[in-house]
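Reader: Hey, got a minute to go through this one with me? I'd like to start with whatever catches your eye.

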Amino acid sequence: MSDLKESFRQQRYLVRCEVDGTTYQGNYWVAGMILVVSTSKGGASTQLANRSPEKLAMKLLQKLASEGRA
């Protein structure tokens, strides 16, 4: 049963960015065609639409940081 549970877990990746001299970090993962970024203060998601997950995750993290949610 635990092997079955593991197969449904999404692989998560660390993402970091710098905004105004402060470094922020979060995790991102892909669920189907949706990219999800989460931080300790919030999260965001968007469609991948043939874009690089890592670059898109960094953009979402920068947006979260500018909104005070990272």
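**Loops, strands and charges**

Author: Sure. This is a predicted model, and I'd begin with N50, which is exposed at a relative accessible area of 81%.

Reader: Where does N50 sit?

Author: N50 is in the loop between strand 4 (43-47) and helix 2 (53-66). The backbone there is worth a look too: N50 is not a glycine, yet its phi is positive, about 60 degrees.

Reader: What's the usual sign of phi, positive or negative?

Author: Negative, for most residues other than glycine.

Reader: OK, on to D20. What does its phi look like?

Author: Phi of D20 is near 50 degrees, so a positive value in a residue other than glycine. D20 lies in the loop between strand 1 (13-19) and strand 2 (22-31).

Reader: Is D20 buried or exposed?

Author: Exposed, with 79% relative accessibility.

Reader: And how do the strands on either side of that loop pair?

Author: Strand 1 and strand 2 run antiparallel, paired over 7 bridges. Together they make a hairpin with 2 residues between them, and D20 is in the turn. V19 faces T22 of strand 2 across the pairing.

Reader: Staying with strand 2, what does V30 touch?

Author: Leaving out residues up to four places away in sequence, V30 touches Q10, L35, L48 and P53. V30 belongs to strand 2.

Reader: How far is V30 from L48?

Author: They are 18 residues apart in sequence, and their C-alpha atoms are 8.4 Å apart in space.

Reader: Why isn't V30 counted as buried?

Author: Because V30 has 26% relative accessibility, which makes it partly exposed; buried means under 20%.

Reader: Changing topic: how many salt bridges are there?

Author: A search of the whole structure gives 2 salt bridges. In one of them, the side chains of E67 and K63 meet at 3.8 Å, N to O. In another, R69 and E67 meet at 3.2 Å, N to O.

Reader: Which residues get joined up by shared partners?

Author: K63, E67 and R69 form one network, through salt bridges that share partners.

Reader: How accessible are K63, E67 and R69?

Author: K63 is partly exposed at 48% relative accessibility. E67 is partly exposed at 41%, and R69 is partly exposed with a relative accessible area of 33%.

Reader: What does the charged end of R12 do?

Author: The charged end of R12 sits over the ring of W29, 3.8 Å from the ring centre.

Reader: And how many aromatic pairs does the structure hold?

Author: The structure holds 1 aromatic pair.

Reader: Last thing, confidence. What's the mean pLDDT?

Author: The protein has a mean pLDDT of 89, and 87% of its residues reach 70 or more.

Reader: Which element has the lowest mean pLDDT, and which the highest?

Author: Helix 1 (residues 2-8) has the lowest, with a mean of 47, while strand 4 has the highest, at 97.

Reader: What about residues 1-7?

Author: pLDDT stays under 50 over residues 1-7, and the model has 0 contacts for them beyond four places in sequence.

Note on methods. Residues numbered from 1 in each chain as written. Predicted model: local features only at pLDDT ≥ 70, side-chain atom pairs only at ≥ 80, totals over all residues. Heavy atoms only, no water. Salt bridge = Lys/Arg side-chain N within 4 Å of Asp/Glu carboxyl O. Buried < 20%, exposed > 50% of the residue type's maximum accessible area, 1.4 Å probe, protein only. Helix = DSSP H or I, 4+ residues; strand = E, 2+ residues; numbered from the N terminus. Phe/Tyr/Trp six-rings, centres within 6.5 Å; stacked < 30°, edge-to-face > 60°. Lys NZ or Arg CZ within 6 Å of the ring centre and 35° of its normal. Pairing = 2+ DSSP bridges. pLDDT = per-residue confidence, 0-100. Contact = heavy atoms within 4.5 Å.
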